[in-house]
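Welcome to this short tour. Take a moment to turn the structure around, and then read on for a guide to its parts.

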Amino acid sequence: GFKGFRDDGKQRPTIHVHCFGGKDDEANDEAIARCGRALGCTLDKVGDAVSVHIVRDVSPKKNMLCVSFLLPTAVKSLDRIDLTAGTKSPEEPAEKRARLD
């Protein structure tokens, strides 16, 4: 939802992304790379103040991680995306699945 973000040049918003990752040494770098791919640009660990911390241990091989960073200035050059395309109007009720019992 940040592609094409237009800021006033004063302050960039801080983003917090929760995700799952392994417990190996590369887990933090992989989580940062996934955030960059989702945004459509790479994250600069220093310039974007990137940090990763473990939220909790969820299984023997996985942790829940939180990746925090300032919104990269590179997103300003990306094309805006329309998040409303194909959505229903607020007046339409949500469709429910039929019960089969």
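## A first look

Of the 101 residues in the protein, 25% are buried. Please keep in mind that this is a predicted model.

The secondary structure is easy to take in: there is one helix, together with three strands. If you walk along the sequence, these elements come in the pattern β-α-β-β. Strand β1 covers residues 14–22 and helix α1 covers residues 27–39. Strand β2 spans residues 51–59, and strand β3 spans residues 62–70.

## Three salt bridges

How many salt bridges does a search of the whole structure find? The search finds three. Let us visit each of them in turn.

One salt bridge joins the side chains of Arg12 and Asp48, with an N to O distance of 2.9 Å. Arg12 sits in the segment before β1 while Asp48 sits in the loop between α1 and β2, so this pair ties together parts of the chain that are 36 residues apart in sequence. Are these two residues buried or exposed? Both Arg12 and Asp48 are buried.

Another salt bridge brings together the side chains of Asp57 and Lys23, at 2.7 Å from N to O. Here Asp57 belongs to strand β2 and Lys23 to the loop between β1 and α1, so the contact ties together parts that are 34 residues apart in sequence. Asp57 is partly exposed, with a relative accessible area of 48%, and Lys23 is partly exposed too, at 37%. The remaining salt bridge is made by the side chains of Lys45 and Asp29, again with an N to O distance given as 2.7 Å. This pair links distant parts of the chain, with Lys45 in the loop between α1 and β2 and Asp29 in helix α1, 16 residues apart. Lys45 is partly exposed, with a relative accessible area of 45%, and Asp29 is likewise partly exposed, at 40%.

## The loop between α1 and β2

Several residues worth finding belong to this loop. Take Ala49, which is found in the loop between α1 and β2. Ala49 has a positive phi of about 50 degrees, although this residue is not a glycine. Its relative accessible area is 43%, so Ala49 counts as partly exposed.

Asp44 also has its place in the loop between α1 and β2. With a relative accessible area of 44%, Asp44 is partly exposed. Asp44 and Ile32 are 12 residues apart in sequence, and their C-alpha atoms are 9.6 Å apart in space. Cys41 is another residue of the loop between α1 and β2, and this cysteine is buried, with a relative accessible area of 12%. The C-alpha atoms of Cys41 and Ser77 are separated by 9.8 Å, and the two residues are 36 residues apart along the chain.

## Cysteines without a disulfide

A disulfide is a covalent bond between the sulfur atoms of two cysteines. How many disulfides does the structure hold? The structure holds zero.

Cys35 shows how this comes about for one residue. The closest cysteine sulfur to that of Cys35 is in Cys19, 5.6 Å away, which is too far for a bond; a disulfide would need the two sulfur atoms within 2.5 Å. Cys35 is buried as well, because its relative accessibility is 7%.

## A buried serine in β3

Ser68 has its place in strand β3. Is Ser68 buried or exposed? At 10% relative accessibility, Ser68 counts as buried, since the cut-off for buried is under 20%. Ser68 and Asp48 are 20 residues apart in sequence, while their C-alpha atoms are 9.1 Å apart in space. You have already met Asp48 as the salt-bridge partner of Arg12.

## A negative patch on the surface

To finish, look at the surface. Asp24, Asp25, Glu26 and Glu30 form a negative surface patch there.

Asp25 makes a good landmark within this patch. You will find Asp25 in the loop between β1 and α1. Asp25 has a relative accessible area of 73%, so this residue is exposed.

Key:
Residues numbered from 1 in each chain as written. Predicted model: local features only at pLDDT ≥ 70, side-chain atom pairs only at ≥ 80, totals over all residues. Heavy atoms only, no water. Patch = residues over 30% accessible without salt bridge, like charges linked within 9 Å, V, L, I, M, F, W, Y side chains within 5 Å. Areas by Shrake-Rupley, 256 points an atom, 1.4 Å probe, with all protein chains shown as cover. Salt bridge = Lys/Arg side-chain N within 4 Å of Asp/Glu carboxyl O. Lys, Arg positive; Asp, Glu negative; His and termini not counted. Charge placed at Lys NZ, Arg CZ, Asp CG, Glu CD. Helix = DSSP H or I, 4+ residues; strand = E, 2+ residues; numbered from the N terminus. Buried < 20%, exposed > 50% of the residue type's maximum accessible area, 1.4 Å probe, protein only.
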